[in-house]
Amino acid sequence: MISGKTKLAGIFASPVTHSLSPKMHNTAFAKCGIDAVYLAFDVDQKNLLKAVEGIRTFHMLGVNLSMPNKTAVIPYLDGLSKEAELIGAVNTVVNQDNRLIGYNTDGMGFMRSVEEAGLTVKNKKLMVLGAGGAAKAIVVQAALDGGREVVIYKRKNDTFASVQAYFKNVAEQTNCSIHVYDYEDEVQMRKDSQSSDILVNATDIGMGNKKELTPIDKAMLHEKLVIFDLIYSPQETQLLKEARANGCESQNGLGMLLYQGAIAFELWTGQEMPVCEIRGMIDGSSTH
Ligand code: NAP
């Protein structure tokens, strides 16, 4: 029941109506008996500053950010966590006594799904396909969490050199070995797949009109390679089907989705999100 003391959290994004976050957080507030609500606000870069001022004005717990606001919000905040600074993007703002601190819980969320699979990235070699926002969050977090080596495969287009320079800087700041290779370099890819512990598909190959496609030749999948596809709809992509056929352990992106939200919830409330119940809920939603 909404009262005079009810606290507010929300998401600033555009478009925003498809977001699963309101359902996830409102269910968690109710299950934990927290007097708060979470709303979706259609906010783009034109009205972002005013919306951020609203976090202070309305004493909000904080907000999540999604497209197109994850980087644009940074100049409006009072501080950044280490991972948000390195990633250069914020998906969660926490209102700490009117100081707005930006975090990026995407990579941390992914790491919790890795732990859930009984693994750790510490001293491991990761192979990441794609170099967009999700890949950056995962690579930075892996480097901060003691990953030994990360190899990233990206198309050799006009953003290749800048992406390479970006990851060179992350490597220098974290002491993790990070290299970016051409997606077309099959020889290098074959070599890296043999020596990697974890493979992450951070491209959209496997969903939408690329549903029938797979981001890597199935001959490169081997039993010792644990495969994470960040896609969660469909729940089992072509890559995950091939992983299963090759005897590889694998997981889709639902864990990352769930835990990035759970960490934001913890940052706002100091309480754990009841993830089992929330997982059942988003599992059903993601198939629609
Ligand atoms: P993004 O910023 O658009 O990056 C996509 C990356 O995929 C880019 O590096 C792009 O290459 C690469 N790519 C696209 N098509 C390709 C192709 N045909 N061959 C080779 N590379 C290709 O997207 P994002 O936000 O990082 O998301 C990536 C994936 O993760 C999506 O499937 C998304 O649904 C999923 N995701 C899941 C979660 C979760 O919680 N589970 C969260 C975020 C994202 P170029 O750099 O060359 O353009």
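Hi everyone, let's start with one stretch of the chain: residues 11-93 are 34% helix and 22% strand, and the C-alpha atoms at the two ends sit 10 Å apart. That stretch carries a label in UniProt, from an unreviewed entry: "domain: Shikimate dehydrogenase substrate binding N-terminal". Please keep in mind throughout that this is a predicted model.

Now let's step back to the domains. The domain assignment gives domain 1 (7-103 + 255-283) and domain 2 (107-251). Taken over C-alpha atoms, the centres of domain 1 and domain 2 are separated by 26 Å. How many residues of each domain are in contact with the other? On the domain 1 side there are 13, and they meet 19 residues of domain 2. The size of an interface is often given as the accessible area lost when the parts come together. Here, about 1,500 Å² is buried between domain 1 and domain 2, with carbon and sulfur atoms giving 67% of that area. In domain 1, the residues that lose the most area to domain 2 are Leu-86, Ile-87 and Met-256, which together make up 43% of what that side buries.

Leu-86 is a good place to cross over to the other side. Val-170 and Leu-86 are 84 residues apart in sequence, yet their C-alpha atoms are 6.8 Å apart in space. Val-170 lies in helix H6 (residues 160-174), and it counts as buried because its relative accessibility is 0%, where the cut-off is under 20%. Leaving aside neighbours within four places in sequence, Val-170 is in contact with Leu-86, Val-140 and Ile-178.

On to the packing. In soluble globular proteins, nonpolar side chains tend to be buried together. The largest nonpolar core in this model has 35 residues, and those with the most contacts inside it are Phe-110, Val-128, Val-150, Ile-152, Phe-167 and Ile-178. Which helix gives the largest share of this core? That would be helix H5 (residues 133-144), with 7 residues. This core also draws at least three residues from each of domain 1 and domain 2. Apart from it lies another core, of 27 residues, including Phe-29, Leu-61, Ile-101 and Ile-282.

If you'd like to click on one residue of the 35-residue core, try Val-128. Beyond its neighbours within four places in sequence, Val-128 is in contact with Ala-135, Val-139, Val-150, Val-151, Ile-152, Tyr-153, Val-200 and Ala-202. Tyr-153 also turns up beside Gln-188: with the same neighbours set aside, Gln-188 is in contact with Tyr-153 and Tyr-181. Gln-188 is in helix H7 (residues 186-195) and is buried, with a relative accessible area of 15%.

Last, the annotated site. The unreviewed UniProt entry places the feature "binding site" at Ser-19, Leu-20, Ser-21, Ser-66, Asn-91, Asp-106, Tyr-232 and Gln-260. From this set, the lining of the largest pocket takes in Ser-19, Leu-20, Ser-21, Ser-66, Asn-91, Asp-106, Tyr-232 and Gln-260.

Let's look at two of them. Is Ser-21 buried or exposed? At 11% relative accessibility, Ser-21 counts as buried. Ser-21 is in helix H1 (residues 21-32) and touches Tyr-38 and Asn-64, not counting residues up to four places away in sequence. Asp-106, in helix H4 (residues 105-116), counts as buried too, at 12% relative accessibility. Again leaving aside neighbours within four places, Asp-106 is in contact with Lys-70, Asn-91, Ala-137, Met-256 and Gln-260. Two of those contacts, Asn-91 and Gln-260, are in the "binding site" set as well.

Thanks for listening!

Key
Residues numbered from 1 in each chain as written. Predicted model: local features only at pLDDT ≥ 70, side-chain atom pairs only at ≥ 80, totals over all residues. Heavy atoms only, no water. Core = buried A, V, L, I, M, F, W, Y, C linked by side-chain atoms within 4.5 Å. Buried < 20%, exposed > 50% of the residue type's maximum accessible area, 1.4 Å probe, protein only. Helix = DSSP H or I, 4+ residues; strand = E, 2+ residues; numbered from the N terminus. Domains from an automatic or database assignment. Contact = heavy atoms within 4.5 Å. UniProt positions renumbered as here; feature names shortened; annotations may be inferred. 1 Å grid on protein atoms, 1.4 Å probe; cavity = no way out; pocket = protein on both sides within 12 Å on 5 of 7 lines; lining within 4 Å. Buried area = accessible area lost by both parts, 1.4 Å probe.
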